[in-house]
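The following exercises concern charged pairs, nonpolar packing and backbone geometry. Each task is followed by a solution in steps.

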Amino acid sequence: MQSLLEQWGMYHIERYLSQQTFWLYQYSAKKITNMAIFFSFFTGFFVTVVTVSAEVFVLTEQPLQNIDLSLIVLVIAANIGMISIEFWVLFHIGFQATARYIYDAEKHYPMTIELKKSLVRAIFEFSEPEKETFGLNPYKKRSKHYWIILVLYKIKIMGSNILAKFLLRKVISRGGTRVYIPFIATLITGFWDAWVQASALKEVRLRIANRLYVIDLLNQLKQNRYPSDYIEALIRLIAVRLELFGVYNINLAYLLHEINSVYPQSVNHHDNLYDFDKMTQSYLHLSSKERYRLARTAASLITFKHRFLSQEEKQLLQFFRGY
């Protein structure tokens, strides 16, 4: 199922890129994110107005014993249909915004198919594939509470509107007003859809920005041909950062593979790539100018994750700040 959705997303992003006539395209690069968030709010608001209207005027206004079973089936079908439309529109808003981000980024460097697929996964909020790079396992340091947090997040998505309506019914006691409390869910759903879209698009922009940084860094490595000691320290830094990430990161993996191409077999040449002590030793053997350059690179690699940093990631950042 995930694979089919990824293919569907890729198809539409490529279509929007080739046409460059989609309705979000008319907005400037600065406005595109805000407009995507606004349209997401409007989508959630409008869809909930329709479903809540069915709940209030078809079911609530009639005595329970007089409600025909066909009306209940109709309301359920209307809910399923409107929610399907809601998701379809929200995903297409995400696809269009992502296509615009890619279009702007490709004015500087081309984006690979693998990265575009990763951006589609960000829109769907899918996890990245479980891959190893040069024997490095990015999931080894994943939080012990990862699955608990993921399950709670999914429950929050499914139950936010139900919980909100329940609390509002408890707070407001007048019978005449209580009937129309479900309409307040229109605002809640609108804000929720806007928040989810903003979060997904933030991750999309981050992955594109990270790729542009990686390409810039690779260009510097090609132009300057740094000494082997510096390259070893850089490789070990990337390896440590990759394993501390907690999930597969396509840009860190891409960076290691490209370094291995620019400096043939440089990554394969070193054993125990994930070794904090060896990384610190190789770093301390560098000149002060090289240490300063590598420390700046380390700070940039830390920002590849916009969520909370683990304790070990904070320690890595603190180490380079100390020098």
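A residue is called buried when its relative accessible area is under 20%, exposed when that area is over 50%, and partly exposed in between. The model treated here is predicted.

**Exercise 1. Burial and surroundings of Glu 6**

Determine whether Glu 6 is buried or exposed, and state which residues Glu 6 touches beyond four places in sequence.

Step 1. Locate the residue: Glu 6 belongs to helix α1, which spans residues 2-19.

Step 2. Apply the cut-off: the relative accessibility of Glu 6 is 14%, and therefore Glu 6 counts as buried.

Step 3. List the contacts: leaving out residues up to four places away in sequence, Glu 6 touches Val 120, Arg 121, Phe 124 and Phe 126.

**Exercise 2. The charged partner of Glu 6**

Identify the residue whose side chain meets that of Glu 6 in a salt bridge of 3.6 Å, and state which helices the pair ties together.

Step 1. Recall the principle: side chains of opposite charge can pair when their charged atoms come close.

Step 2. Name the partner: the side chain of Arg 121 forms the salt bridge with Glu 6, at 3.6 Å from N to O.

Step 3. Place both ends: Arg 121 lies in helix α4 (residues 113-124) and Glu 6 in helix α1, so the salt bridge ties together parts that are 115 residues apart in sequence.

Step 4. Check the burial of the partner: with a relative accessibility of 8%, Arg 121 is also under the 20% limit and counts as buried.

Step 5. Extend the picture: a network of salt bridges links Glu 6, Arg 121, Glu 128, Glu 203 and Arg 207. The structure holds 11 salt bridges.

**Exercise 3. Salt bridges of Glu 313**

Find which residues form salt bridges with Glu 313 at 2.8 Å and at 3.0 Å.

Step 1. Take the value of 2.8 Å: this is the separation of the closest N and O atoms in the salt bridge between Arg 241 and Glu 313. Arg 241 lies in helix α8 (residues 228-244) and Glu 313 in helix α12 (residues 311-321), so the pair connects parts 72 residues apart in sequence.

Step 2. Take the value of 3.0 Å: here the closest N and O atoms belong to Lys 305 and Glu 313.

Step 3. Assess accessibility: Arg 241 is buried at 0%, Glu 313 is buried at 0%, and Lys 305 is buried at 16%.

**Exercise 4. The largest nonpolar core**

State how many residues form the largest nonpolar core, and which of them touch the most other members.

Step 1. Give the count and the central members: the core has 39 residues, and Ile 259, Leu 294 and Phe 320 touch the most other members.

Step 2. Assign the contributing helices: at least two residues each come from α7 (185-224), α8, α9 (250-262), α10 (276-284), α11 (288-302) and α12. Helix α8 gives the most, with 11 residues.

Step 3. Distinguish the other core: a second, separate core of 33 residues includes Leu 17, Val 120, Ile 215 and Tyr 248.

Step 4. Examine one member of the largest core: the residues that Leu 294 touches, apart from those up to four places away in sequence, include Tyr 230, Leu 237, Tyr 283 and Phe 320.

**Exercise 5. The loop between α7 and α8**

Describe where Tyr 226 lies and which side chain makes a polar contact with the side chain of Tyr 226.

Step 1. Place the residue: Tyr 226 is in the loop between α7 and α8. At 15% relative accessibility, Tyr 226 counts as buried.

Step 2. Name the polar partner: the side chain of Asn 224 makes the contact, at 3.3 Å.

Step 3. Add the further contacts: beyond four places in sequence, Tyr 226 touches Gln 220, Leu 221, Ile 231, Tyr 263 and Arg 293. The C-alpha atoms of Tyr 226 and Glu 290 are 9.6 Å apart, with their positions 64 residues apart in sequence.

**Exercise 6. Positive phi angles**

Report where Arg 225 and Phe 134 lie, and give the phi value of each.

Step 1. Consider Arg 225: this residue lies in the loop between α7 and α8, and its phi is positive, about 50°, although Arg 225 is not a glycine. Arg 225 is partly exposed, at 47%.

Step 2. Consider Phe 134: this residue lies in the loop between α4 and α5 (146-171), and its phi is near 50°, a positive value in a residue other than glycine. Phe 134 is partly exposed, at 26%.

How values were computed:
Residues numbered from 1 in each chain as written. Predicted model: local features only at pLDDT ≥ 70, side-chain atom pairs only at ≥ 80, totals over all residues. Heavy atoms only, no water. Helix = DSSP H or I, 4+ residues; strand = E, 2+ residues; numbered from the N terminus. Contact = heavy atoms within 4.5 Å. Salt bridge = Lys/Arg side-chain N within 4 Å of Asp/Glu carboxyl O. Buried < 20%, exposed > 50% of the residue type's maximum accessible area, 1.4 Å probe, protein only. Core = buried A, V, L, I, M, F, W, Y, C linked by side-chain atoms within 4.5 Å. Polar contact = N/O pair within 3.5 Å; in protein donor to acceptor, adjacent residues only side chain to side chain.
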